[in-house]
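Q: I'm new to this structure and would like a close look at its largest nonpolar core. Could you walk me through that part and then show me how it sits in the rest of the chain?

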Amino acid sequence: MRTSLELADIFRAEGAGYRAAQAGHLSLAQLKVMSAIENCRTAALGGHVDACEDCGHQRIAYNSCRNRHCPKCQGAAARTWLAEREADLLPVGYFHVVFTLPTEVADIASQNKAIVYDLLFRAASETMMTIAADANHLGARIGITAVLHTWGSAMTHHPHIHMIVPGGGISLDGRRWISSRPAFLLPVRVLGMLFRRLFLTRLIELHAAGQLAFFGTHADLTDRRVFLRHLAAVRNKRFVVYAKPPFSGPEAVLAYLSRYTHRVAISNRRLIAFDETGVTFRYKDYRRDGPERQRVMTLTPHEFIRRFLIHVLPRGFHRIRHYGLLASSARNATIARARKLLGAAPPPETVESPEPLDHLPPCPCCGGRMIIIETFERWSQSRAPPHAPTPTGSIPS
């Protein structure tokens, strides 16, 4: 059942109280995210007045905050990003691979987000590239699109990398395309062991170089011996690498990417209620199967906000990255080479439209074309509210 409840409603009602209770404990990035979500599509960010060319109906549209953590602002960003990626798709099967950190390491990442999340990207991508290049496995250079998620369904801290990988790659001598088996890319246990070794080795190096910070209940991890003891149990623990069956085609790959690349910790459609009992929302319990997997949880407003804010990424951190054949520096050349080796036709060239596409929703009254007739600055309102259509149906001057 759909609800009109939004994350912004919770932040506007409880944000000031949460900031006061957590004064001195919130980062500048977290404060900016709260402010952006609270002000999104309100007079605080300005806006414009649209009018229908046919019936004269008017409506006020407020500007979006465009913050990457705002659930209302990801749709347009995702569509633009997907349009740019469509030309990179190859006529092969694609696999979905997930690299997950164990809880003991996730706790370290929560206090060292930028450096440990970056390490997660590097260790996971190097693992895939190394095993794929091994002649005992694929013996090829592959391409990877990797997306960082830091949350579980209940907004707990659960850092993991989602990867979309073509089912094959270019041979190391660059002369042919090597295809993977139809339902198998690389052995996940081998991937897990190399991933564990690379990640833990470099994590220990970061600690030795003094690049990790610890506070609160983890302050004792500053001591090297305590840190190594903390990781001792992890050395023999399996680092989960999961590979899903390949997608059915390029359209399925794009559909998947549209759901994952610009996702935030919780979407508005998962919110159920916000009242005196707290914030109630839907989540998935992956320890259960069937209908029992779909669950409902209620948290106090401050706990709900706390969980959301632990997923705010450091400023400038890139949560979508490309490797191998898809690395930005040589993507066009390597994709063209891969298409040639596969005997695939190049993608059709994008034809520039002589006029910009109409980005405004149609008129809710008659379906006519809406145009912008007035803009207003931040913290301002339009000079006149929307009014009924004029008798002639023309747009007032």
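A: **A close look at the core**

Let's start with one residue, F227. Setting aside its neighbours within four places in sequence, F227 makes contact with I108, L203, I204, H207, L212, F214 and L221. Please keep in mind that you are looking at a predicted model.

F227 is one of the residues with the most contacts inside the largest nonpolar core, which has 50 residues; the others in that group are F99, M128, M163, F195, F199 and L203. Which elements supply at least two residues each to this core? They are strand 3 (94-100), helix 4 (103-111), helix 5 (113-133), strand 5 (143-151), strand 6 (157-166), helix 6 (188-208) and helix 7 (224-235). Helix 5 gives the most to the core, with ten residues. As general background, nonpolar side chains tend to be buried together in soluble globular proteins.

Helix 4 is a good place to see how the pieces meet. Its buried residues are V105, A106, I108, A109 and Q111. You met I108 above as a contact of F227. Together, the buried residues of helix 4 pack against helix 5, strand 6, helix 6 and helix 7.

Just before that helix comes L101, in the loop between strand 3 and helix 4. Is L101 buried or exposed? With a relative accessible area of 4%, below the 20% cut-off, L101 is buried. Beyond four places in sequence, its contacts are L120, P159, F195, F199 and F239. Two of these, F195 and F199, are also listed among the core residues with the most contacts. For a sense of distance, try finding L326: it is 225 residues from L101 in sequence, and their C-alpha atoms are 24 Å apart.

Next, follow strand 6 to I161. I161 counts as buried because its relative accessibility is 0%. Leaving out residues up to four places away in sequence, I161 touches V97, V98, F99, L120, F121, A146, V147 and L148. L120 is a contact of L101 as well. A336 lies 175 residues from I161 along the chain, with 27 Å between the C-alpha atoms of the two.

There is also a second, separate core, but before that, here is the wider setting of the first one. The protein chain comes to ten helices and 14 strands, and buried residues make up 47% of its 397 residues. Among contacts between residues at least 6 apart in sequence, 72% join residues at least 24 apart. The C-alpha atoms fill a box of roughly 75 × 60 × 45 Å along the principal axes.

Now for the outside of the chain. The accessible surface comes to about 21,000 Å², and carbon and sulfur atoms account for 53% of it. As for charge, there are 50 positive and 32 negative side chains, and the centres of these two sets lie 8 Å apart. One positive side chain to find is K340, in helix 10 (residues 331-342). K340 counts as exposed because its relative accessibility is 64%. R176 is 164 residues away from K340 in sequence, yet the two C-alpha atoms are 9.3 Å apart.

Two arginines deserve a look for their backbone angles. Most residues other than glycine have a negative phi. R41, in the loop between helix 2 (28-39) and strand 1 (47-52), has a positive phi near 55 degrees. R66, in the loop between strand 2 (58-62) and helix 3 (74-85), has a positive phi of about 60 degrees. R41 is partly exposed because its relative accessibility is 39%, while R66 is exposed, with a relative accessible area of 76%.

How confident is the predictor in what you see? The mean pLDDT of the chain is 87, and 91% of its residues reach 70 or more. In two stretches, pLDDT stays under 50. Residues 353-358 form one of them, with two contacts beyond four places in sequence in the model. Residues 384-397 form another, with 19 such contacts.

To finish, come back to the core where we began: it has 50 residues, with helix 5 as the element that gives the most to it. The second, separate core has 32 residues, including I10, V33, A36 and C40.

Technical notes: Residues numbered from 1 in each chain as written. Predicted model: local features only at pLDDT ≥ 70, side-chain atom pairs only at ≥ 80, totals over all residues. Heavy atoms only, no water. Helix = DSSP H or I, 4+ residues; strand = E, 2+ residues; numbered from the N terminus. Buried < 20%, exposed > 50% of the residue type's maximum accessible area, 1.4 Å probe, protein only. Contact = heavy atoms within 4.5 Å. Areas by Shrake-Rupley, 256 points an atom, 1.4 Å probe, with all protein chains shown as cover. Charge placed at Lys NZ, Arg CZ, Asp CG, Glu CD. Core = buried A, V, L, I, M, F, W, Y, C linked by side-chain atoms within 4.5 Å. pLDDT = per-residue confidence, 0-100.
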